[in-house]
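The exercises below ask you to read strand pairing, burial and packing from a set of coordinates. Keep the sequence and the structure in view while working through each solution.

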Amino acid sequence: MPHQLYPKPTTAQRIKLALHYLTPQHTLTRLAGWVANQQWGAVTHFIIRQFARAYKINWQEAAQPHPGDYPTFNQFFTRALKDGARPIVAGDNQIALPADGRVSQSGEIQADQLLQAKGHSFTLEDLLAGDAHLTAQFRNGSFLTTYLSPRDYHRVHMPCAATLRQMVYVPGELYSVNPFLAQHIPNLFARNERVICIFDTAFGKMAQILVGATITASIRTTWAGIINPPRSENIRVWDYPAEGEQAVRFNKGDEMGAFLLGSTVINLFPHNAITLDARLQENAETRVGELLGTVN
C-alpha cells in the first residue's frame with residue numbers, strides 16, 4: 001500500500017484512540033449481545049424508550065410503533081418498517097441503496113485501493129480476506145461505504161435482482177466504525193470482523209459486505225440466520241448454486257440481512273458496470289431504496 005498522510009490527532013483525540021485500543025472489544029460485545037437479548041419486561045421497555053428519545057427514533061414509520069411491542073432490545077433495534085416506508089427505485093437500469101445511514105466514502109476503486117477516509121486507503125485484497133480471484137473481479141471498479149448510526153433502521157436490502165453465490169465469514173477486530181475512528185484507525189474495515197456476500201447480477205459480480213464493530217453483537221442473513229456468534233478464529237466459506245431448488249435469489253429491494261446493533265455496509269461493483277449517483281458524496285444521507293446508481 002502506498003504511503004498515507006494520516007490526519008494528526010489532537011492530544012484529546014490520542015487519549016480517546018488509546019482508550020478504544022485498550023477496550024476489551026469482544027468481551028464488551030458479548031455482554032452487549034446478552035443484555036440486548038434479555039426479556040426484562042418493563043425494564044426492557046424503559047431502556048427502549050430512553051434509547052428512542054436519545055436518538056430521536058421515528059416511531060411513525062415502524063411496523064410496530066410502541067416500545068411495549070418489543071420483548072427484547074434487539075427486536076426493537078432490528079424493527080421492521082411499515083409497508084411502503086421505503087419505496088424502491090423502479091427503473092430496470094437503476095440500482096437501489098441497501099441501507100439507511102450516511103455515506104462514509106464512495107467512488108472509483110483505484111487499481112485495488114479504496115478510500116476509507118481522508119488520508120486513509122485500504123486494499124481490496126485485505127478487505128476480501130486475501131482472495132485474489134475476488135480481488136480481480138472488482139479491480140478498478142466502484143464502491144459505496146454506508147455507515148449506520150444507532151438511530152438508523154438496521155435491516156439491509158438488495159440493490160438489485162441477484163443470485164447469492166458465496167458467503168464468507170472473516171474473523172477480526174471489533175473496532176467502532178464511527179467517522180472519527182475511520183479517520184484515525186488505518187485499515188479499519190479490513191481489520192474488523194465481516195460477512196462478505198458475493199452475488200451474480202445482470203451487470204456481473206456484486207459484493208455486499210456487512211462489517212462488524214464494537215457492540216455489534218451479531219450479523220444476521222435471511223438465508224442462514226445469525227452468522228456470529230459463534231465467532232470463529234478461522235475464515236468460513238459457504239458456496240451456493242446458481243440454479244435449482246437450493247439457489248438463493250433476490251429481487252431488488254428484498255431484505256438480505258440485519259445488524260443486531262449496527263455498523264457499516266460496503267458495496268463493490270466491477271469496472272465500468274455502474275455509475276454511482278452524483279449525490280452520494282461523503283456524509284450524504286441514505287435511505288433504503290433510493291437511487292444508488294445506474295447500470296452502464
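Contact here means heavy atoms within 4.5 Å. The model is predicted.

**Exercise 1.** List the residues with which M256 is in contact, leaving aside its neighbours within four places in sequence.

*Solution.* Start with the residues numbered below M256: those in contact with it include V156, H157 and M158, and also C197 and F199. Continue along the chain to Q208 and L210, then to R220, T221, T222 and W223, and end with F250, which completes the list for M256.

**Exercise 2.** Which residues touch the most other members of the largest nonpolar core, and which strands each supply at least two residues to it?

*Solution.* The largest nonpolar core holds 35 residues, and those touching the most other members are F199, W223, M256 and L292. Turning to the strands, at least two residues of this core come from each of β7 (162–170), β8 (194–201), β9 (204–211), β13 (248–250), β14 (255–260), β15 (264–269) and β16. The strand that gives the most is β7, with four residues. Apart from this core there is a second, separate one of 23 residues, which includes Y175, L188, A190 and I198.

**Exercise 3.** Work out the order of the three strands in the open sheet that contains β18, and state how they pair.

*Solution.* Begin with the pairing of β1 and β18 (residues 291–295), which run antiparallel and are joined by three bridges; within this pair Q94 stands opposite T294, and A96 stands opposite L291. Next take β16 and β18, which are likewise antiparallel and joined by three bridges, with I274 standing opposite V295. The order is therefore β1-β18-β16, an open sheet with antiparallel pairing, because strands count as paired if at least two bridges are found between them. The edge strands are β1 (94–96) and β16 (274–276), each of which pairs on one side only. From one strand to the next, the twist averages 30°.

**Exercise 4.** Decide whether C160 and C197 are buried or exposed, and state how many disulfides the model contains.

*Solution.* The cut-off needed is that buried means under 20% relative accessible area. C160 has a relative accessibility of 6% and therefore counts as buried; C197, with a relative accessible area of 0%, is buried as well. For the second part, a disulfide requires a pair of cysteine sulfur atoms within 2.5 Å, and by this rule the count is zero.

Notes:
Residues are numbered from 1 along each chain as its sequence is written. This is a predicted model: local features need pLDDT of at least 70, side-chain atom pairs count only at pLDDT 80 or more; totals for chains, interfaces and linings use all residues. Side-chain values use heavy atoms; hydrogens and water are left out. Axes are lines fitted to C-alpha atoms, for helices over the stretch in contact, and angles run from 0 to 180 degrees between N-to-C directions. Buried means under 20% relative accessible area, exposed over 50%, partly exposed in between (1.4 Å probe, protein chains only). A nonpolar core is a set of buried Ala, Val, Leu, Ile, Met, Phe, Trp, Tyr and Cys residues joined through side-chain atoms within 4.5 Å.
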